[in-house]
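Got your viewer open? Let's take a short walk through this model, one selection at a time.

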Amino acid sequence: MVRTGVYPGSFDPITLGHMDIIRRAAHLVDRLVIGVTTNASKSPMFTLDERLAMVRSEVEGIVDGVDGAATEIDVVAFDSLLMHFAEREGASIIIRGLRAVADFEYEYQMAGMNQQLNDDIETVFLMADVALQPIASRLVKEIALYGGDISRFVTPSVADQVRARVERNGRMVEG
Ligand code: ADP
């Protein structure tokens with residue numbers, strides 16, 4: 001039996017915190033489906049296609065798996081109820097990352113509601129490496145917007161894309 005987990009998120013952009021959770025999740029399942037939400041309400045910095053491409057290229061090198069077998073990692077977009085997405089993918093677990101207290105209330109409520117929707121799919125919370133725990137996509141964007149150094153929070157390739165986007169948006173405002 002193939003054990004599948006889904007890891008949903010906006011990944012706007014994917015950070016070293018996300019990457020750490022993905023690596024940890026890959027140890028737990030045979031197949032990990034990273035679900036990138038369309039999330040129009042959050043007015044993301046990157047389009048869905050850009051986020052999908054970014055996540056795909058970042059996870060290319062991850063081969064961690066159960067008992068030495070490589071975990072298959074799929075990156076797919078989803079625009080439905082998370083539980084429906086998890087069911088469609090044949091998942092037995094939903095992976096969420098847990099940072100500080102601030103995440104807890106929302107995550108607790110969501111896990112509780114999802115349990116009511118389908119009690120056979122378990123929400124599993126993982127914590128990133130302590131050094132990576134404070135990282136949030138929202139703050140990465142904010143720091144970049146004010147010209148700060150984001151190189152400790154994202155890979156060089158993602159940092160370049162964020163800087164390019166900030167520059168382009170900045171020029172759009174000026175022009
Ligand atoms: P969402 O809009 O679903 O919160 P995010 O891309 O912000 O999407 O986050 C996706 C998941 O990754 C969430 O479960 C979030 O708590 C987790 N996550 C994000 N950054 C970190 C981090 N630095 N450490 C641990 N978990 C994280």
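**Stop 1: the ligand and its neighbours**

Select the ligand and show what surrounds it: there are 20 residues around it, and Tyr 7, Ser 10, Lys 42, Gly 97 and Ile 135 come nearest (a residue counts as near if one of its heavy atoms lies within 4 Å). Before going further, know that this is a predicted model, where local features need pLDDT of at least 70, side-chain atom pairs count only at pLDDT 80 or more, and totals for chains, interfaces and linings use all residues. Residues are numbered from 1 along each chain as its sequence is written, and side-chain values use heavy atoms, with hydrogens and water left out.

By class, those neighbours are eight nonpolar, seven polar and five charged residues (Ala, Val, Leu, Ile, Met, Phe, Trp, Tyr, Cys and Pro count as nonpolar, Asp, Glu, Lys and Arg as charged, and the others, Gly among them, as polar).

**Stop 2: polar contacts**

Now look for polar contacts, which are pairs of N or O atoms within 3.5 Å. Click on Ser 10: a polar atom of its side chain is 2.6 Å from a ligand oxygen. At Phe 11, pick the backbone, where a polar atom lies 3.0 Å from an oxygen of the ligand. Then try Arg 96, with a side-chain N or O atom 3.2 Å from a ligand oxygen.

How much of the ligand does the protein bury? Alone, the ligand exposes 550 Å², and 90% of that is buried by the protein (areas use the Shrake-Rupley method with a 1.4 Å probe).

**Stop 3: the pocket**

Hide the ligand and show the surface. The space the ligand takes is the largest pocket (a pocket is an open set of points on a 1 Å grid where a 1.4 Å probe fits, with protein on both sides within 12 Å along at least five of seven lines; lining residues have an atom within 4 Å of a point; a molecule sits there if more than half of its atoms lie within 2 Å of the grid points). Its volume is about 1000 Å³. Of the 39 lining residues, Gly 9, Ser 10, Lys 42, Arg 96 and Arg 99 are closest to the centre.

Next, colour α4, which gives the most to this lining, with six residues (helices are DSSP runs of H or I, at least four residues, and strands are runs of E, at least two).

**Stop 4: an odd loop**

Finally, zoom in on the loop between β1 and α1, where you'll find Phe 11 and Pro 13. Phe 11 isn't a glycine, yet its phi is positive, about 50 degrees. A cis peptide bond joins Asp 12 and Pro 13, with omega about 5 degrees.

Notes: A polar contact is a pair of N or O atoms within 3.5 Å; within protein, one must be able to donate a hydrogen and the other to accept it, and residues adjacent in sequence count only if both atoms are side-chain atoms. Grid points are joined across faces, edges and corners, and a volume is the space filled by probe spheres set on the points.
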